[in-house]
Amino acid sequence: MKRILTIQDISCLGKCSLTVALPLLSAMGVETVILPTAVLSTHTMFSGFTCKDLSDQLGPITEHWKKEDITFDAIYTGYLGTEEEIETVKEIIRTFRGPETLVFVDPAMGDNGKLYPAFDEQYAKKNATLCAVADVIVPNLTEASFMTGLPYREEYEEDYVRRMLQALTGLGCRTAILTGVSLEPGKTGAMGYDSSAGEYFLYQNDKIPAQYHGTGDIFSSVAVGGLLRGLSRQDAIRLAADYTARTIDVTRHNPQNPWYGVDFEATIPELTDTLRTMTGK
Ligand code: PXL
(Lines give C-alpha, C1' and ligand atoms only; values in the text may rest on other atoms or scores of the structure.)
Protein backbone atom coordinates (compact mmCIF):
# COMPACT_ATOMS: atom_id res chain seq x y z
CA MET A 1 0.00 0.00 0.00
CA LYS A 2 1.27 3.48 -0.82
CA ARG A 3 1.94 5.80 2.10
CA ILE A 4 1.18 9.52 2.01
CA LEU A 5 2.02 12.25 4.50
CA THR A 6 -0.53 15.05 4.57
CA ILE A 7 0.31 18.28 6.37
CA GLN A 8 -2.57 20.64 7.16
CA ASP A 9 -4.69 21.89 10.07
CA ILE A 10 -7.45 20.05 11.90
CA SER A 11 -10.62 22.10 11.91
CA CYS A 12 -12.47 19.95 14.46
CA LEU A 13 -15.84 20.87 12.95
CA GLY A 14 -16.19 22.09 9.39
CA LYS A 15 -15.48 19.26 6.92
CA CYS A 16 -12.24 20.56 5.45
CA SER A 17 -8.49 19.96 5.56
CA LEU A 18 -7.57 16.86 7.60
CA THR A 19 -11.14 15.81 8.45
CA VAL A 20 -11.67 15.42 4.68
CA ALA A 21 -8.22 14.27 3.52
CA LEU A 22 -7.88 11.44 6.05
CA PRO A 23 -11.21 9.68 5.40
CA LEU A 24 -11.01 10.11 1.62
CA LEU A 25 -7.42 8.92 1.25
CA SER A 26 -8.00 5.98 3.61
CA ALA A 27 -11.14 4.97 1.69
CA MET A 28 -9.09 5.12 -1.51
CA GLY A 29 -6.70 2.53 -0.12
CA VAL A 30 -3.77 4.78 0.72
CA GLU A 31 -2.06 4.69 4.12
CA THR A 32 -2.46 8.23 5.39
CA VAL A 33 -0.04 9.73 7.89
CA ILE A 34 -1.16 13.09 9.23
CA LEU A 35 0.82 16.04 10.50
CA PRO A 36 -1.62 18.53 12.05
CA THR A 37 -0.24 22.06 11.96
CA ALA A 38 -2.93 23.57 14.20
CA VAL A 39 -6.16 22.62 15.93
CA LEU A 40 -9.09 24.95 15.31
CA SER A 41 -12.58 24.65 16.81
CA THR A 42 -13.99 25.18 13.30
CA HIS A 43 -12.72 26.41 9.94
CA THR A 44 -12.21 30.14 9.60
CA MET A 45 -15.53 30.89 7.91
CA PHE A 46 -17.14 30.70 11.37
CA SER A 47 -16.74 33.71 13.61
CA GLY A 48 -15.08 33.21 17.00
CA PHE A 49 -13.09 30.09 16.13
CA THR A 50 -10.30 29.01 18.48
CA CYS A 51 -6.86 28.11 17.14
CA LYS A 52 -3.96 26.35 18.86
CA ASP A 53 -0.82 26.50 16.76
CA LEU A 54 1.14 23.22 16.77
CA SER A 55 4.26 24.51 14.95
CA ASP A 56 6.48 23.55 17.89
CA GLN A 57 5.40 19.91 17.51
CA LEU A 58 6.34 19.53 13.85
CA GLY A 59 10.08 19.19 14.54
CA PRO A 60 9.83 16.56 17.32
CA ILE A 61 7.21 14.49 15.45
CA THR A 62 9.15 14.39 12.20
CA GLU A 63 12.46 13.72 14.00
CA HIS A 64 10.86 10.66 15.55
CA TRP A 65 9.72 9.43 12.10
CA LYS A 66 13.21 9.99 10.77
CA LYS A 67 14.66 7.82 13.56
CA GLU A 68 12.13 5.13 12.61
CA ASP A 69 13.29 5.37 8.96
CA ILE A 70 9.80 6.18 7.72
CA THR A 71 9.52 7.10 4.04
CA PHE A 72 6.61 8.49 2.03
CA ASP A 73 5.40 7.89 -1.52
CA ALA A 74 3.81 11.33 -1.47
CA ILE A 75 3.72 14.48 0.63
CA TYR A 76 0.52 16.48 0.29
CA THR A 77 0.20 19.90 1.88
CA GLY A 78 -2.96 21.99 2.30
CA TYR A 79 -3.99 24.96 4.43
CA LEU A 80 -1.02 26.18 6.49
CA GLY A 81 -1.36 28.82 9.19
CA THR A 82 1.66 31.10 8.98
CA GLU A 83 4.68 32.05 6.90
CA GLU A 84 7.02 30.39 9.42
CA GLU A 85 5.02 27.21 9.09
CA ILE A 86 5.52 27.25 5.33
CA GLU A 87 9.29 27.38 5.94
CA THR A 88 9.04 24.43 8.36
CA VAL A 89 7.02 22.45 5.81
CA LYS A 90 9.67 23.12 3.13
CA GLU A 91 12.27 21.74 5.55
CA ILE A 92 10.12 18.61 6.15
CA ILE A 93 9.85 18.12 2.37
CA ARG A 94 13.65 18.40 2.05
CA THR A 95 14.07 15.81 4.80
CA PHE A 96 11.62 13.20 3.51
CA ARG A 97 11.73 13.64 -0.25
CA GLY A 98 13.16 10.58 -2.01
CA PRO A 99 13.72 10.20 -5.77
CA GLU A 100 10.17 8.81 -6.23
CA THR A 101 8.28 10.98 -3.71
CA LEU A 102 5.44 12.99 -5.23
CA VAL A 103 5.23 16.45 -3.66
CA PHE A 104 1.67 17.71 -4.13
CA VAL A 105 0.85 21.22 -2.90
CA ASP A 106 -2.60 22.75 -2.54
CA PRO A 107 -1.87 26.37 -1.59
CA ALA A 108 -5.27 26.70 0.11
CA MET A 109 -5.63 30.38 1.01
CA GLY A 110 -8.54 31.97 -0.85
CA ASP A 111 -11.47 31.86 -3.22
CA ASN A 112 -13.70 34.12 -5.32
CA GLY A 113 -10.95 36.70 -5.79
CA LYS A 114 -10.20 37.09 -2.05
CA LEU A 115 -7.79 35.60 0.48
CA TYR A 116 -9.27 33.86 3.55
CA PRO A 117 -9.49 36.13 6.64
CA ALA A 118 -6.25 34.82 8.20
CA PHE A 119 -4.02 35.73 5.22
CA ASP A 120 -2.44 38.69 3.44
CA GLU A 121 -0.48 39.22 0.21
CA GLN A 122 2.83 38.50 1.86
CA TYR A 123 1.55 35.10 2.95
CA ALA A 124 0.50 34.41 -0.64
CA LYS A 125 4.02 35.20 -1.87
CA LYS A 126 5.41 32.83 0.75
CA ASN A 127 3.07 30.10 -0.47
CA ALA A 128 4.51 30.64 -3.95
CA THR A 129 7.91 29.55 -2.56
CA LEU A 130 6.35 26.29 -1.38
CA CYS A 131 4.74 25.77 -4.81
CA ALA A 132 8.22 26.28 -6.30
CA VAL A 133 9.49 23.05 -4.70
CA ALA A 134 6.41 20.94 -5.59
CA ASP A 135 5.97 18.42 -8.38
CA VAL A 136 2.26 19.21 -8.75
CA ILE A 137 0.30 22.23 -7.49
CA VAL A 138 -3.49 22.65 -7.50
CA PRO A 139 -4.41 26.30 -6.88
CA ASN A 140 -7.72 27.86 -7.87
CA LEU A 141 -7.70 31.05 -9.96
CA THR A 142 -7.74 33.28 -6.87
CA GLU A 143 -4.70 31.60 -5.34
CA ALA A 144 -2.92 31.55 -8.70
CA SER A 145 -3.51 35.25 -9.18
CA PHE A 146 -2.15 36.17 -5.72
CA MET A 147 0.94 34.01 -6.27
CA THR A 148 1.77 35.10 -9.82
CA GLY A 149 0.66 38.73 -9.65
CA LEU A 150 -1.50 38.24 -12.77
CA PRO A 151 -4.95 39.82 -12.48
CA TYR A 152 -7.87 37.76 -11.17
CA ARG A 153 -10.71 37.55 -13.68
CA GLU A 154 -14.23 36.15 -13.44
CA GLU A 155 -14.59 36.05 -17.23
CA TYR A 156 -11.77 34.77 -19.39
CA GLU A 157 -10.72 32.80 -22.46
CA GLU A 158 -8.46 29.77 -22.67
CA ASP A 159 -5.48 32.02 -23.41
CA TYR A 160 -5.76 33.66 -19.96
CA VAL A 161 -5.72 30.21 -18.30
CA ARG A 162 -2.69 29.16 -20.34
CA ARG A 163 -0.81 32.31 -19.34
CA MET A 164 -1.71 31.70 -15.69
CA LEU A 165 -0.50 28.09 -15.94
CA GLN A 166 2.79 29.17 -17.50
CA ALA A 167 3.31 31.76 -14.76
CA LEU A 168 2.57 29.08 -12.14
CA THR A 169 5.07 26.56 -13.53
CA GLY A 170 7.44 29.52 -13.85
CA LEU A 171 7.46 29.54 -10.03
CA GLY A 172 9.41 26.27 -10.24
CA CYS A 173 7.01 23.31 -10.12
CA ARG A 174 6.74 20.84 -12.97
CA THR A 175 2.94 20.62 -13.25
CA ALA A 176 0.26 23.14 -12.34
CA ILE A 177 -3.43 22.23 -12.29
CA LEU A 178 -5.84 25.15 -12.01
CA THR A 179 -9.18 24.27 -10.42
CA GLY A 180 -12.51 25.99 -10.96
CA VAL A 181 -11.73 26.70 -14.63
CA SER A 182 -14.79 27.26 -16.78
CA LEU A 183 -14.23 27.48 -20.54
CA GLU A 184 -17.86 27.09 -21.62
CA PRO A 185 -21.10 28.35 -20.11
CA GLY A 186 -22.55 25.76 -17.71
CA LYS A 187 -19.27 23.88 -17.41
CA THR A 188 -16.43 23.85 -14.88
CA GLY A 189 -13.39 21.73 -14.12
CA ALA A 190 -9.63 21.85 -14.19
CA MET A 191 -6.94 22.78 -16.67
CA GLY A 192 -3.32 21.77 -16.23
CA TYR A 193 0.09 22.27 -17.77
CA ASP A 194 3.05 19.92 -17.62
CA SER A 195 5.98 22.25 -18.26
CA SER A 196 8.56 19.56 -18.94
CA ALA A 197 6.43 17.89 -21.61
CA GLY A 198 4.98 21.24 -22.79
CA GLU A 199 1.48 19.69 -22.58
CA TYR A 200 -1.82 21.26 -21.59
CA PHE A 201 -4.76 19.17 -20.42
CA LEU A 202 -8.36 20.09 -19.73
CA TYR A 203 -11.30 18.40 -18.06
CA GLN A 204 -14.72 20.02 -17.97
CA ASN A 205 -17.94 18.67 -16.45
CA ASP A 206 -21.33 20.21 -15.77
CA LYS A 207 -21.27 23.12 -13.34
CA ILE A 208 -23.59 22.46 -10.40
CA PRO A 209 -25.21 25.76 -9.41
CA ALA A 210 -24.10 25.74 -5.75
CA GLN A 211 -20.93 26.66 -3.82
CA TYR A 212 -19.73 25.06 -0.63
CA HIS A 213 -16.73 25.27 1.62
CA GLY A 214 -14.11 22.48 1.57
CA THR A 215 -14.64 21.36 -2.01
CA GLY A 216 -11.07 22.33 -2.93
CA ASP A 217 -9.79 19.96 -0.24
CA ILE A 218 -12.01 17.20 -1.60
CA PHE A 219 -10.71 17.71 -5.16
CA SER A 220 -7.07 17.72 -4.01
CA SER A 221 -7.39 14.67 -1.75
CA VAL A 222 -9.05 12.57 -4.45
CA ALA A 223 -6.64 13.75 -7.16
CA VAL A 224 -3.53 12.85 -5.15
CA GLY A 225 -5.16 9.60 -3.97
CA GLY A 226 -5.89 8.68 -7.58
CA LEU A 227 -2.29 9.38 -8.61
CA LEU A 228 -1.03 7.15 -5.80
CA ARG A 229 -3.40 4.38 -6.87
CA GLY A 230 -1.70 4.48 -10.27
CA LEU A 231 -4.18 6.52 -12.29
CA SER A 232 -2.85 8.69 -15.10
CA ARG A 233 -2.91 12.44 -14.52
CA GLN A 234 -5.97 12.84 -16.75
CA ASP A 235 -7.85 10.03 -15.01
CA ALA A 236 -6.97 11.31 -11.53
CA ILE A 237 -8.29 14.77 -12.45
CA ARG A 238 -11.45 13.32 -14.00
CA LEU A 239 -12.09 11.20 -10.89
CA ALA A 240 -11.53 14.19 -8.57
CA ALA A 241 -13.65 16.62 -10.64
CA ASP A 242 -16.52 14.15 -11.09
CA TYR A 243 -16.51 13.16 -7.43
CA THR A 244 -16.48 16.80 -6.30
CA ALA A 245 -19.35 17.70 -8.66
CA ARG A 246 -21.37 14.64 -7.63
CA THR A 247 -20.86 15.49 -3.94
CA ILE A 248 -21.97 19.09 -4.47
CA ASP A 249 -25.07 17.80 -6.25
CA VAL A 250 -25.96 15.36 -3.46
CA THR A 251 -25.38 18.11 -0.88
CA ARG A 252 -27.66 20.65 -2.53
CA HIS A 253 -30.50 18.13 -2.54
CA ASN A 254 -30.17 17.50 1.20
CA PRO A 255 -32.30 20.05 3.06
CA GLN A 256 -30.62 19.04 6.35
CA ASN A 257 -27.11 19.73 5.10
CA PRO A 258 -25.12 22.04 7.41
CA TRP A 259 -23.98 25.26 5.69
CA TYR A 260 -20.30 24.76 6.46
CA GLY A 261 -19.42 21.77 4.26
CA VAL A 262 -20.51 19.04 1.85
CA ASP A 263 -21.96 15.55 2.31
CA PHE A 264 -18.83 13.75 1.16
CA GLU A 265 -19.56 10.91 3.59
CA ALA A 266 -22.61 9.98 1.51
CA THR A 267 -20.64 9.68 -1.73
CA ILE A 268 -17.59 7.72 -0.51
CA PRO A 269 -19.07 4.36 -1.65
CA GLU A 270 -19.48 5.75 -5.19
CA LEU A 271 -15.89 7.00 -5.12
CA THR A 272 -14.49 3.63 -4.12
CA ASP A 273 -16.65 1.81 -6.71
CA THR A 274 -15.46 4.14 -9.48
CA LEU A 275 -11.85 3.81 -8.36
CA ARG A 276 -12.14 0.01 -8.41
CA THR A 277 -13.49 0.14 -11.95
CA MET A 278 -10.76 2.54 -13.10
CA THR A 279 -7.86 0.62 -11.52
CA GLY A 280 -9.30 -2.87 -12.05
CA LYS A 281 -8.41 -3.58 -8.34
O1 PXL B 1 -10.66 24.36 3.14
C2 PXL B 1 -9.61 25.18 3.37
C3 PXL B 1 -9.47 25.51 4.82
C4 PXL B 1 -8.73 24.68 5.63
N5 PXL B 1 -8.52 24.94 6.93
C6 PXL B 1 -9.06 26.05 7.51
C7 PXL B 1 -9.83 26.91 6.76
C8 PXL B 1 -10.03 26.66 5.39
C9 PXL B 1 -10.80 27.58 4.59
O10 PXL B 1 -11.31 28.56 5.04
O11 PXL B 1 -10.37 27.98 7.33
C12 PXL B 1 -8.79 26.33 8.96
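**Close-ups of a predicted model**

In helix 9, the buried residues are Phe-264, Thr-267, Ile-268, Leu-271, Thr-272, Leu-275 and Thr-279. This is a predicted model, where local features need pLDDT of at least 70 and side-chain atom pairs count only at pLDDT 80 or more, while totals for chains, interfaces and linings use all residues. Residues are numbered from 1 along each chain as its sequence is written, and side-chain values use heavy atoms, with hydrogens and water left out.

**View A. Helix 9 and what sits over its buried residues.** Helix 9 takes in residues 264-279; helices (H or I, at least four residues) and strands (E, at least two) are DSSP runs, numbered from the N terminus. "Buried" here means under 20% relative accessible area, "exposed" means over 50%, and "partly exposed" is in between (1.4 Å probe, protein chains only). The cover over the buried residues of helix 9 includes helix 1, helix 7 (215-228) and helix 8 (233-252); contact means heavy atoms within 4.5 Å. How far apart are the end C-alpha atoms of helix 9? They are 21 Å apart, which agrees with the 22 Å that its 16 residues should span at 1.5 Å a residue (the expected span is 1.5 Å times one less than the number of residues). Just after helix 9 comes Gly-280, with a positive phi of about 75 degrees.

**View B. Helix 4 packed on helix 5.** Helix 4 (residues 121-132) and helix 5 (residues 141-148) meet at an angle of about 95 degrees, and their axes are 8 Å apart. Axes are lines fitted to C-alpha atoms, for helices over the stretch in contact, and angles run from 0 to 180 degrees between N-to-C directions. The two helices are therefore roughly perpendicular to each other; that label goes to angles of 65 to 115 degrees, with under 35 counted as roughly parallel, over 145 as roughly antiparallel and the rest as oblique. On the helix 4 side, the contact is made by Glu-121, Ala-124, Lys-125, Asn-127, Ala-128 and Cys-131, and helix 5 brings Phe-146, Met-147 and Thr-148. Sorted by class, that contact has 5 nonpolar, 2 polar and 2 charged residues. Ala, Val, Leu, Ile, Met, Phe, Trp, Tyr, Cys and Pro count as nonpolar, Asp, Glu, Lys and Arg as charged, and the others, Gly among them, as polar.

**View C. The buried side of helix 4.** Which residues of helix 4 are buried? Tyr-123, Ala-124, Asn-127, Ala-128, Leu-130 and Cys-131 are. They cover an arc of only 160 degrees around the axis, which puts them on the same side of helix 4; the arc is that of the directions from the helix axis to the C-beta atoms. An α-helix has 3.6 residues a turn, so residues three or four places apart point the same way. Among the elements covering the buried residues of helix 4 are strand 4 (74-77), helix 3 (83-96), strand 5 (102-105), strand 8 (136-137) and helix 5.

**View D. Helix 2, buried on one side and exposed on the other.** In helix 2 (residues 55-67), Leu-58, Thr-62 and Trp-65 are buried. Their arc around the axis is only 50 degrees, which puts them on the same side of helix 2. Flip to the other side of helix 2 and you find Asp-56, Glu-63 and Lys-67 exposed. Cover for the buried residues of helix 2 includes strand 1 (3-13), strand 2 (31-42) and helix 3. Just after helix 2, Asp-69 has a positive phi of about 60 degrees.

**View E. Two loop residues with positive phi.** Most residues other than glycine have a negative phi, and most peptide bonds are trans. Ser-17 has a positive phi near 40 degrees, and its place is in the loop between strand 1 and helix 1 (18-27). With a relative accessible area of 1%, Ser-17 is buried. Asn-112 is not a glycine either, yet its phi is positive at about 50 degrees. Look for Asn-112 in the loop between strand 6 (110-111) and strand 7 (114-115); it is partly exposed, with a relative accessible area of 43%.

**View F. Thr-42 and Ser-145 with their contacts.** Thr-42 lies in strand 2 and counts as buried at 11% relative accessibility. Not counting residues up to four places away in sequence, Thr-42 touches Ser-11, Leu-13 and Phe-49. Over in helix 5, Ser-145 is also buried, at 10% relative accessibility. Leaving aside neighbours within four places in sequence, Ser-145 is in contact with Leu-150, Pro-151, Tyr-152 and Met-164.
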